[in-house]
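Here are a few exercises for getting to know a new structure. Keep the sequence and the 3D view open, try each task yourself, and then walk through the solution.

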Amino acid sequence: MDIQSIVSPENLVYDKPELMNNNHMHYCPGCSHGVVHKVIAEVINDLDLQEKTIGIAPVGCAVFAYKYLDIDWQEAAHGRAPALATAVKRLNPEKMVFTYQGDGDLAAIGTAETIHAANRGENIAIVFINNGIYGMTGGQMAPTTLSKMVTSTSPDGRDVQTMGGPLKILDLLALLDGVCLATRVSVHTAAAVKKTKRMIKLAFENAMAGKGTSVVEVVSTCNAGWKMTPAAANDWMVENMFPVFPIGDLKNI
């Protein structure tokens, strides 16, 4: 077999999305962020929204999305991405506006901004990476941290009597009339990645169609923060995260 037949389009198995920059990724090996970045780049390309998309990056690991996706970006203060996305979308209603947020950002300091933007039904998409801890700043306990889960600020495990239980913010958002899509996905297998791409694509289509707020929660790993190998982190996520944050649609109208 000659080299031309190997690289011909009909034999192409994988290619880097056009919108992905050639920057060296800083994410830890096994991190879910890189996979989700790739999926978003593919969705934007598939929908031919390269010149219309504006991403909102807040604080945390998620902030570095602007280094890897060649689209317009605005950076928001910690937790304020949905508020900034509201302004950007209202001033540019023809644009595709989405936020890319971690759980500490969206479900802790940004809880109010998230809930009220969704309650208003802002025509934006929210991509929510839930790995159960504050990954960037040292693995502290987050609102989504599981019961009895050990973190740098809960060394004896999360005590629900004094710290409360894991916040299922997607369940809360699904109750709001302004939300048209609330779904949980993952990227730990090839099939899961395909489902995630379908749901992010639907979220972007909803935003452009003016249907309201779409929230795609990606239940993810942070193998560095969890102090596990990537393979062990995937297994731990399936065994422990999925029962608390079950994969599937909560709302899709």
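**Exercise 1. Find which residues have the most contacts inside the largest nonpolar core, and which elements supply that core.**

Step 1. A nonpolar core is a set of buried Ala, Val, Leu, Ile, Met, Phe, Trp, Tyr and Cys residues joined through side-chain atoms within 4.5 Å. Buried means under 20% relative accessible area, exposed means over 50%, and partly exposed is in between (1.4 Å probe, protein chains only).

Step 2. The largest such core holds 35 residues, and Val36, Ile40, Phe98, Tyr100 and Phe204 have the most contacts inside it.

Step 3. Now the elements: helices (H or I, at least four residues) and strands (E, at least two) are DSSP runs, numbered from the N terminus. Two or more residues each come from α2 (33-46), β3 (96-102), β4 (125-130), β7 (179-185), α8 (190-209) and β8 (213-219). The top contributor is α2, with 6 residues.

Step 4. Zoom in on Phe98, where contact means heavy atoms within 4.5 Å. Setting aside neighbours within four places in sequence, Phe98 touches Ile40, Thr53, Ile54, Gly55, Ile56, Ile71, Trp73, Ala125, Val127 and Phe204.

Step 5. Don't stop there: a second, separate core has 21 residues, including Ile56, Leu170, Leu173 and Ala182.

A word on the ground rules: this is a predicted model, where local features need pLDDT of at least 70 and side-chain atom pairs count only at pLDDT 80 or more, while totals for chains, interfaces and linings use all residues. Residues are numbered from 1 along each chain as its sequence is written, and side-chain values use heavy atoms, with hydrogens and water left out.

**Exercise 2. Work out the strand order of the sheet and which strands stand at its edges.**

Step 1. Two strands pair if DSSP finds at least two bridges between them. With that rule, 7 strands make an open sheet of mixed pairing, in the order β2-β1-β3-β4-β8-β7-β9.

Step 2. The edges belong to β2 (72-75) and β9 (248-252); each has a single partner strand, so one side of each is left without a neighbour in the sheet.

Step 3. For the angles, axes are lines fitted to C-alpha atoms (for helices over the stretch in contact), and angles run from 0 to 180 degrees between N-to-C directions. From one strand to the next, the twist averages 15°.

Step 4. Look at β1 (residues 53-57): 4 bridges join it to β3, and the two run parallel. Ile56 sits opposite Thr99 in β3.

Step 5. Add a helix: α2 lies across β1, β3, β4 and β8, at about 175° to β3.

**Exercise 3. Which parts do the salt bridges of Glu42 and Glu122 tie together?**

Step 1. A salt bridge is a side-chain nitrogen of Lys or Arg within 4 Å of a carboxyl oxygen of Asp or Glu. The structure has 8 of them.

Step 2. Glu42 pairs with Lys197, with the closest N and O atoms 3.6 Å apart. Glu42 is in helix α2 and Lys197 in helix α8, so the pair links parts 155 residues apart in sequence. Both also belong to a salt-bridge network with Lys38 and Asp46.

Step 3. Glu122 pairs with Arg90 at 2.6 Å between the closest N and O atoms. Glu122 is in the loop between α5 (111-120) and β4 and Arg90 in helix α3 (residues 81-91), so this pair ties together parts 32 residues apart in sequence.

Step 4. Check exposure: Glu122 is buried at 6% relative accessibility, whereas Arg90 is exposed at 56%.
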